[in-house]
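Thanks for coming. Please look at the sequence and the structure on the screen, and I will go through some details of the side chains and then the chain as a whole.

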Amino acid sequence: MMNRVIILIILSILMLSPKADACVGKILHVGAVNSQEGQLLGEMLSFLINERTGSTVAVRFFDDEQGLYEALKRNQIDIFIENTTRALQSLHEPSDGDLNEALAVVKTAFEKERGLVWLKPFCFLHSNGSTAPSYTAPVLLMEVLNNFPALPRVIGKLTRALNDSVYAKLIKSVESGEQPKKVAREFLRS
């Protein structure tokens, strides 16, 4: 009789436990343009996702956005760093200088036309050496978001921790010769 009660208690606990939404099991590939910003943000995403979920993350850097988008088409990356200026160019859409409008346009078009989801931007202006104001944000394949629902929450920790002034200090460290991976790890550990 006691064994049945114990088994019923264990089954009840298992049935009532919330479903885990960790990102364990698959290697996630982060892609970024090979710039100081791309390297720093790619390493930050890699380190954060690995530390918070236990998932293996590989970062791939590309010489330009064309290489990045080719890798995306070939399913070689799952998450990538993009900015609204480049995204508008890839959509052949003009920029009117309104950052919020640009973000709304790329979010909608990327989701409908490409099956991609823009997460909350890091809010860096003049990103990737561009003179045009631009939001920079992580972008996920819809399939990855469906398979790893914890990613927006995990990545959101980074977007809340960064702002333009903090990021400017981090980029300065990289420009002065520190390795992006080291700068990313030290920032996230602090």
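E186 is partly exposed, because its relative accessibility is 44%. A value counts as buried under 20% and as exposed over 50%, with partly exposed in between. K182 has a relative accessible area of 44%, so K182 is partly exposed too. Keep in mind that this is a predicted model.

The side chains of E186 and K182 form a salt bridge, with 3.9 Å from N to O. Why are E186 and K182 separated by about one helical turn? Because they are four residues apart in helix 9, which covers residues 180-189.

How many salt bridges does the structure hold? There are four. One of them joins the side chains of E82 and R86, at 2.7 Å from N to O. Is E82 buried or exposed? E82 is buried, because its relative accessibility is 0%. R86 has a relative accessible area of 9%, so R86 is buried as well.

Next, E70 and R74. Their side chains meet in a salt bridge with an N to O distance of 3.8 Å. E70 counts as partly exposed because its relative accessibility is 30%. R74 is at 56%, so this residue is exposed. There is also K73 to mention: E70, K73 and R74 are linked in a network of salt bridges.

Now to charges on the surface. Which residues form a positive surface patch? They are R52, K120, K157 and R160. Take R52 from that group: R52 sits in helix 2, residues 36-53. The relative accessibility of R52 is 54%, and the cut-off for exposed is over 50%, so R52 counts as exposed.

Helix 2 also holds S46. S46 is at 12% relative accessibility, under the 20% cut-off, and therefore counts as buried. What does S46 touch, not counting residues up to four places away in sequence? S46 touches V57 and V59.

A second buried residue to look at is T84. T84 is located in helix 4, which covers residues 84-90. With a relative accessibility of 1%, T84 counts as buried, because the limit is under 20%. Leaving aside neighbours within four places in sequence, T84 is in contact with A102, L103, V106, W118, S134 and Y135. If you want to follow this on the screen, find T84 and then go through those six names one by one.

Last, the chain as a whole. What does its secondary structure come to? Nine helices and five strands. In order from the N terminus, the elements run α-β-α-β-α-β-α-α-β-β-α-α-α-α. You can trace that order on the model: a helix comes at the start, then a strand, and four helices come at the end.

The chain has 190 residues, and 43% of them are buried. E82 and T84 are among the buried ones. About 10,800 Å² of the chain is exposed, and carbon and sulfur atoms supply 52% of that area.

One more number concerns contacts. Take the contacts in the chain with a separation of 6 or more: residues 24 or more positions apart account for 66% of them.

To recap the pairs: E82 and R86 are buried, whereas E186 and K182 are partly exposed. In the pair of E70 and R74, E70 is partly exposed and R74 is exposed. That is all I have.

How values were computed. Residues numbered from 1 in each chain as written. Predicted model: local features only at pLDDT ≥ 70, side-chain atom pairs only at ≥ 80, totals over all residues. Heavy atoms only, no water. Patch = residues over 30% accessible without salt bridge, like charges linked within 9 Å, V, L, I, M, F, W, Y side chains within 5 Å. Areas by Shrake-Rupley, 256 points an atom, 1.4 Å probe, with all protein chains shown as cover. Lys, Arg positive; Asp, Glu negative; His and termini not counted. Charge placed at Lys NZ, Arg CZ, Asp CG, Glu CD. Helix = DSSP H or I, 4+ residues; strand = E, 2+ residues; numbered from the N terminus. Buried < 20%, exposed > 50% of the residue type's maximum accessible area, 1.4 Å probe, protein only. Contact = heavy atoms within 4.5 Å.
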